[in-house]
Amino acid sequence: MEREPRASEAGPAAAALFAWGANSYGQLGLGHKEDVLLPQQLNDFCKPGCVRRITGGGGHSAVVTDGGSLFVCGLNKDGQLGLGHTEDVLYFTPCRSLLGCPIQQVACGWDFTIILTGNGQLLSCGSNSFGQLGVPHGPRRCVVPQAIEPLREKVVSIAAGLRHALAATASGIVFQWGTGLASSGRRLCPGETLPLFLTAKEPSRVTDAGELYVWGSNKHGQLASQAAFLPVPQKIEAHCFQHEKVTAVWSGWTHLVAQTETGKVFTWGRADYGQLGRKLESHENWKLDKQGLSLPCPRPQKSTPSPLHCLMGATEVSCGSEHNLAVIGGACYSWGWNEHGMCGDGTEANVWAPKPVQSLRLSSGLLVGCGAGHSLALCQLPALPALDQGSKVTGPSPDATEDAKSQEAMDKEKLEGKTTRISTQSQSDTCRNGGLVTEPL
């Protein structure tokens, strides 16, 4: 569940897309495959002011415009870009097979993509090794978007995880497909019969809506439950959110974020890379080290939703595998895992509390989107002074130029040393190559 984007409300002021973080497959759309530690402005592949949604997967990215066009880039070994081939793409490229078919929303999983059209039809492309494309008798991968069997009601929202996907209908019914959560269920609930939606390779009904439910692996307390695995949806009680109605939720690999009707933002789940943006509470099993700093236990039994007061009134939130972006008062904030520079502060040190992305301090954040280890933001650029002839400067601002020079210096230093990259070959907890929902790799 997510809030409708607000970019179209920004008016005619100039806007630009920025990208930073992991870039091993060209998922930043910058034309190369080197990690980027500071936000870099993309060349205009479409009119930035018309961008409606931005999102990312394990190593690929997607942009949807107001006109319903879909642009993609990055990792494509399983055809997750839907371009009809399996070559990686270093620049945002239109998905030509969908021309004339307006796109409403896109959800990127680890190695697949789910697409929702304007008329409520579901499409999918990429890997189908775990039934995540929703086509039970389809091939192991699909390089062009194919239709998922229509559901009984119009779909209004979609989400994708590591190896599974979900869709919500206008009446609040939730459907799930893909067997990504089944392996954890069998391991943690031996002898139990798992519900169909955990093992289905086509959309299977989960539960009626109306409250906030969670299910699946609870290895890091992300389900706010004492159980190791919840095979069926369990409601998170209203008191966890101070008895306020939850209006939007986002999920990382093993942490979650929710916002209530009054604008309060709550986080819970795993916290060892700062992804909660706060210290764990005493009942969440944190302990003090010799310096008196709060450290999370590696296996918290239960993590309870707790408010992150600095995010009050956030207009945008997005979760990567273990990092986050938010827009508060027009400023873009980041926090969490930062090994590949996805927090945009010019370093690779984890960020333990939300802080503004300084390179974007002169720009107003409109939309944000995260991949597993990369970040994207649509920003309204600051007004530039007029020249003598009444013309306006069209080049980058001085701050952007300085940031670009800093980035070039960092890139040069990295090329002389050893660089690290996100790899889909290792899906261990140690490597932390997280998917986009609560199921660990």
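**Exercise 1. The largest nonpolar core**

Find which residues of the largest nonpolar core touch the most other members, and which strands supply the core.

*Solution.* Work on the predicted model. Start with the core itself: the largest one holds 30 residues. Leu17, Trp20, Val51, Ile54, Val63, Leu360 and Leu378 touch the most other members. Next, turn to the strands. At least two residues each come from strand 1 (15-21), strand 3 (51-56), strand 5 (70-74), strand 24 (323-328), strand 27 (364-370) and strand 28 (374-380). Strand 1 gives the most, with six residues.

Now take one member, Leu360. Leave out residues up to four places away in sequence. Leu360 then touches Phe18, Trp20, Pro39, Cys332, Ala377 and Cys379. Apart from this core lies another, of 17 residues, including Ile158, Ala165, Ile173 and Phe175.

**Exercise 2. An open sheet**

Give the strand order of the open sheet of four strands, and name its edge strands.

*Solution.* The order is 2-1-28-27, and the pairing is antiparallel. Look for strands that pair on one side only: these are strand 2 (36-41) and strand 27, the edges. From one strand to the next, the twist averages 20°.

Then inspect one pair. Strands 27 and 28 run antiparallel and are joined by six bridges. Within strand 28, Gln380 stands opposite Ser364.

**Exercise 3. Cysteines without a bond**

How many disulfides does a search of the whole structure find? Why is there no bond between the sulfurs of Cys332 and Cys379?

*Solution.* The search finds zero disulfides. Check Cys101 as one case. Its nearest cysteine sulfur belongs to Cys95 and is 9.7 Å away. Cys101 is partly exposed, at a relative accessible area of 24%.

Move to Cys332. The closest cysteine sulfur is that of Cys379, at 5.9 Å. A disulfide needs two cysteine sulfur atoms within 2.5 Å. The pair is therefore too far apart for a bond. Cys332 is buried, with a relative accessible area of 3%.

**Exercise 4. The whole protein**

What share of the residues counts as buried, and how many helices and strands are there?

*Solution.* Count the elements: three helices and 28 strands. Then take burial: 56% of the 441 residues count as buried. Turn to the surface. The accessible area is about 18400 Å², and carbon and sulfur atoms hold 52% of it. Finish with contacts. Among those with a separation of 6 or more, 57% join residues 24 or more positions apart.

Technical notes: Residues are numbered from 1 along each chain as its sequence is written. This is a predicted model: local features need pLDDT of at least 70, side-chain atom pairs count only at pLDDT 80 or more; totals for chains, interfaces and linings use all residues. Side-chain values use heavy atoms; hydrogens and water are left out. Buried means under 20% relative accessible area, exposed over 50%, partly exposed in between (1.4 Å probe, protein chains only). Contact means heavy atoms within 4.5 Å. Accessible areas come from the Shrake-Rupley method with a 1.4 Å probe; for residues, only the protein chains shown count as cover. A nonpolar core is a set of buried Ala, Val, Leu, Ile, Met, Phe, Trp, Tyr and Cys residues joined through side-chain atoms within 4.5 Å. Two strands pair if DSSP finds at least two bridges between them. Axes are lines fitted to C-alpha atoms, for helices over the stretch in contact, and angles run from 0 to 180 degrees between N-to-C directions.
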